[in-house]
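Thanks for coming. Please have the sequence and the structure open while I talk, and stop me if you lose your place.

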Amino acid sequence: MQNSLSNLLQEKHIKALILDLDGVITQTAKLHSQAWKKMFDVYLERKGRKEGITYQPLTIATDYRQLIDGIPRYDGVRNFLESRNIHLPEGDPDDEPGKETIAGLGNLKNLYFQEFIKQGMVDVYPDTINWLKQQRRQGLRTAVISASKNCEAILASVGLMELFDVRVDGVVSAKLNLKGKPAPDIFLEAARQLGVKPNEAAVFEDALAGVQAGKAGQFAIVVGIDRTGDAAALKQHGADLVIQNFPTE
């Protein structure tokens with residue numbers, strides 16, 4: 001694995017590394033999934049009780065991975081509700097958390113997630129951090145991407161702001177009107193800010209939609225990070241190489 005990744009970077013003459021935040025750099029993917037499950041399970045139970053219907057609660061292994069993981073928050077709300085044949089008005093980004101709109105439910109999920117951050121629940125993946133520092137010492141430029149608008153707060157909470165030359169997150173995406181994954185916009189913008197072409201950069205993603213986005217952007221290498229036993233799915237969605245941990249070099 002070590003040689004495979006190192007050899008690929010050399011063979012493709014990689015100048016820059018673009019890494020997803022949640023599930024690759026920080027262990028926030030599990031916090032996101034917990035916040036989503038808390039929000040949706042309570043909502044579905046309440047709605048079902050009112051309507052006399054039993055709605056199936058969110059499953060992290062399938063619903064979260066396939067419908068929510070790695071994509072913009074409101075898109076995730078809409079995707080999941082449609083899977084339960086529930087259709088709500090879009091609402092407004094300023095909607096009160098919990099209001100029965102796409103935005104209101106998304107805002108409630110974000111409130112739960114921010115509470116996790118404030119409680120100091122964010123952990124990093126040491127293998128990623130150590131490997132990334134090694135690559136920077138060798139002259140490679142680095143960018144972090146995230147669909148989350150909490151990216152800066154998360155990086156700051158674990159002291160990783162200085163590890164990246166470029167950050168393209170949910171705040172930047174909203175400002176530039178970038179499409180969410182599986183569209184490649186967020187990766188292409190990171191490459192643009194790094195001053196490299198897609199065929200000079202490697203993408204590192206744990207989300208299936210993120211792997212698809214890296215492939216759609218025609219990046220030189222798309223590396224799937226398999227923290228949850230999804231190697232086959234990552235390859236199926238376009239990963240050139242799948243690793244469970246970053247190598248020690």
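How many salt bridges does the structure hold? There are 20 salt bridges in it. Keep in mind that this is a predicted model. I will go through some of those pairs, then the helices, then a few backbone details.

Start with Arg65 and Asp69. Their side chains form a salt bridge, at 2.7 Å from N to O. Are these two residues buried or exposed? Arg65 and Asp69 are both buried.

Next, find Arg141 and Asp165. Here the side chains meet in a salt bridge with an N to O distance of 3.8 Å. The pair joins distant parts of the chain, 24 residues apart. Arg141 sits in strand E2, residues 141–145, and Asp165 is in the loop between helix H7 (151–157) and strand E3 (166–168). Why is Arg141 classed as partly exposed? Because its relative accessible area is 34%, and partly exposed covers what is neither under 20% nor over 50%. Asp165 has a relative accessibility of 35%, so it is partly exposed too.

A further pair involves helix H7 and strand E3. The side chains of Glu152 and Arg167 form a salt bridge at 3.4 Å, N to O. Because Glu152 is in helix H7 and Arg167 is in strand E3, this pair ties together parts that are 15 residues apart in sequence. Glu152 is at 40% relative accessibility and so counts as partly exposed. Arg167, with a relative accessible area of 26%, is partly exposed.

The last salt-bridge item is a network. Which residues are linked in it? They are Asp20, Lys181 and Glu205. Remember Lys181, as I will return to that residue.

Now the helices. Please find helix H2, residues 29–51, and helix H5, residues 102–118. Their axes come within 9 Å and cross at roughly 135°. Why is H2 called oblique to H5? Because of that crossing angle: roughly 135° falls outside the ranges for roughly parallel, roughly perpendicular and roughly antiparallel, the last of which begins over 145 degrees. The crossing of these two helices is right-handed.

Which residues make the contact? On the H2 side they include Leu31, Trp36, Met39, Phe40 and Tyr43. On the H5 side they include Leu105, Leu108, Tyr112, Phe113 and Phe116. Sorted by class, the contact between H2 and H5 has 11 nonpolar, two polar and two charged residues.

H2 also meets helix H3, which is residues 60–68. The axes of H2 and H3 come within 11 Å and cross at roughly 100°. The two helices are therefore roughly perpendicular to each other. From H2, the residues in contact are Ala29, His32, Ser33, Trp36, Lys37 and Phe40. From H3, they are Ile60, Tyr64 and Ile68. By class, that contact has six nonpolar, two polar and one charged residues. If you are following on the structure, Trp36 and Phe40 in H2 appear in the contact with H5 and in the contact with H3.

Now move to helix H9, residues 185–194. Which of its residues are buried? They are Ile186, Phe187, Glu189, Ala190, Ala191 and Leu194. What do these buried residues pack against? Their partners are strand E1 (16–20), E2, E3, helix H8 (170–176), strand E4 (201–205) and helix H10 (208–216). After H9 comes Gly195, with a positive phi near 80°.

That brings us to the backbone, and back to Lys181. The peptide bond from Lys181 to Pro182 is cis, with omega near 15°. Pro182 is found in the loop between H8 and H9.

Two residues other than glycine come next, Asn85 and Gln218. Asn85 has a positive phi, near 60°. Where is Asn85? In the loop between helix H4 (73–83) and H5. Asn85 is at 62% relative accessibility and so counts as exposed.

Gln218 has a positive phi near 60°. This residue lies in the loop between H10 and strand E5 (221–225). Its relative accessibility is 64%, so Gln218 counts as exposed.

That is the end of my list. I can take questions now.

Key
Residues are numbered from 1 along each chain as its sequence is written. This is a predicted model: local features need pLDDT of at least 70, side-chain atom pairs count only at pLDDT 80 or more; totals for chains, interfaces and linings use all residues. Side-chain values use heavy atoms; hydrogens and water are left out. A salt bridge is a side-chain nitrogen of Lys or Arg within 4 Å of a carboxyl oxygen of Asp or Glu. Buried means under 20% relative accessible area, exposed over 50%, partly exposed in between (1.4 Å probe, protein chains only). Helices (H or I, at least four residues) and strands (E, at least two) are DSSP runs, numbered from the N terminus. Axes are lines fitted to C-alpha atoms, for helices over the stretch in contact, and angles run from 0 to 180 degrees between N-to-C directions. Angles under 35 degrees count as roughly parallel, over 145 as roughly antiparallel, 65 to 115 as roughly perpendicular and the rest as oblique. A crossing is left-handed if the near helix is turned anticlockwise from the far one by less than a right angle, and right-handed if clockwise. Contact means heavy atoms within 4.5 Å. Ala, Val, Leu, Ile, Met, Phe, Trp, Tyr, Cys and Pro count as nonpolar, Asp, Glu, Lys and Arg as charged, and the others, Gly among them, as polar.
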